[in-house]
Amino acid sequence: MAPETGLSLKFYASGFCEAHARVVNPIEGKGKTPFYAVWALIHIPNIGYVLFDTGYNEQFQWATQCFPDRFYRWATPVTIDKLNTAKSILASNGIHAD
């Protein structure tokens, strides 16, 4: 049995994009399906928190205004719930993003 490290790992989803189901199942995929932007919050004792990815947030809309990034936003429309951004989730857990 491994010793207790105090390390913790939690997964969250901050938004999703939609694409055709054929992306993951080229033969039987039908219709659109959501692809969730999953990210991880890792707590390392004596060091602090580490974010692995951050999912989608309000910056996505700003960052994809111009070509060629706008093509990505058009091809895979993104849904962002402001209450489920990484920054909001951190705040609800008493963790300040700065």
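Is Thr85 buried or exposed? Thr85 is buried: its relative accessible area is 4%, and a residue is called buried when this value is under 20%. The structure discussed here is a predicted model, and this report moves from the whole chain to its cores, its surface and a few individual residues.

## The chain as a whole

Four strands and three helices are found in the chain. Read from the N terminus, these elements follow one another in the order β-β-β-α-α-β-α. The radius of gyration is 17 Å, well over the 13 Å given by the globule rule for 98 residues, so the chain is more spread out than a compact globule. Along the principal axes, the C-alpha atoms fill a box of roughly 45 × 35 × 20 Å.

Of the 98 residues in the chain, 23% are buried. The chain exposes about 7500 Å², and 60% of this area is supplied by carbon and sulfur atoms. Among contacts with a separation of 6 or more, 49% are accounted for by residues 24 or more positions apart.

## The nonpolar cores

In soluble globular proteins, nonpolar side chains tend to be buried together. In this chain, the largest nonpolar core consists of seven residues: Tyr12, Trp39, Leu41, Ala86, Ile89, Leu90 and Ile95. Strand β2 and helix α3, which spans residues 86-92, each supply at least two residues of this core. The largest share, three residues, comes from α3. Apart from this core lies another one, of five residues, including Cys17, Tyr56, Phe60 and Val78.

Leu90 belongs to the largest core. Leaving aside residues up to four places away in sequence, Leu90 touches Leu41, Leu51, Ile95 and Ala97. Two of these partners, Leu41 and Ile95, are themselves members of that core.

## A nonpolar patch on the surface

Which residues make the nonpolar surface patch? The patch is made by Leu9, Phe11, Tyr36 and Val38, and has an area of about 450 Å². Strands β1 (8-20) and β2 (32-44) each supply at least two of its residues. Leu9, for example, lies in strand β1. Strand β2 thus has a part in the surface patch and also in the largest core.

## Two buried threonines in loops

Thr85 is located in the loop between β4, residues 78-79, and α3. Not counting residues up to four places away in sequence, Thr85 touches Ser14, Tyr56, Asn57, Glu58 and Ile80. One of these partners, Tyr56, is a member of the five-residue core.

Thr76 is placed in the loop between α2, residues 69-75, and β4. Its relative accessibility is 14%, so Thr76 counts as buried. Apart from neighbours within four places in sequence, Thr76 is in contact with Cys17, Glu18 and Ala19. Among these, Cys17 also appears in the five-residue core. Thr76 and Ala40 are 36 residues apart along the chain, and their C-alpha atoms are separated by 22 Å.

## Backbone details in the loops

Where does the cis peptide bond occur? It joins Phe67 and Pro68, with omega at about 5°. Pro68 lies in the loop between α1 (59-63) and α2.

Asn46 is not a glycine, yet it has a positive phi of about 70°. This residue is found in the loop between β2 and β3, the latter spanning residues 48-52. With a relative accessibility of 86%, Asn46 counts as exposed, because the limit for that class is over 50%. Asp53 also has a positive phi of about 70° without being a glycine. Asp53 is found in the loop between β3 and α1. Its relative accessibility is 49%, so Asp53 counts as partly exposed.

## A residue of helix α2

Asp69 lies in helix α2. Is Asp69 buried, exposed or partly exposed? Its relative accessible area is 41%, so Asp69 is partly exposed. Not counting residues up to four places away in sequence, Asp69 touches Ala63 and Thr64.

Technical notes. Residues numbered from 1 in each chain as written. Predicted model: local features only at pLDDT ≥ 70, side-chain atom pairs only at ≥ 80, totals over all residues. Heavy atoms only, no water. Patch = residues over 30% accessible without salt bridge, like charges linked within 9 Å, V, L, I, M, F, W, Y side chains within 5 Å. Areas by Shrake-Rupley, 256 points an atom, 1.4 Å probe, with all protein chains shown as cover. Salt bridge = Lys/Arg side-chain N within 4 Å of Asp/Glu carboxyl O. Rg over C-alpha atoms; globule rule 2.2 N^0.38 Å. Buried < 20%, exposed > 50% of the residue type's maximum accessible area, 1.4 Å probe, protein only. Contact = heavy atoms within 4.5 Å. Core = buried A, V, L, I, M, F, W, Y, C linked by side-chain atoms within 4.5 Å.
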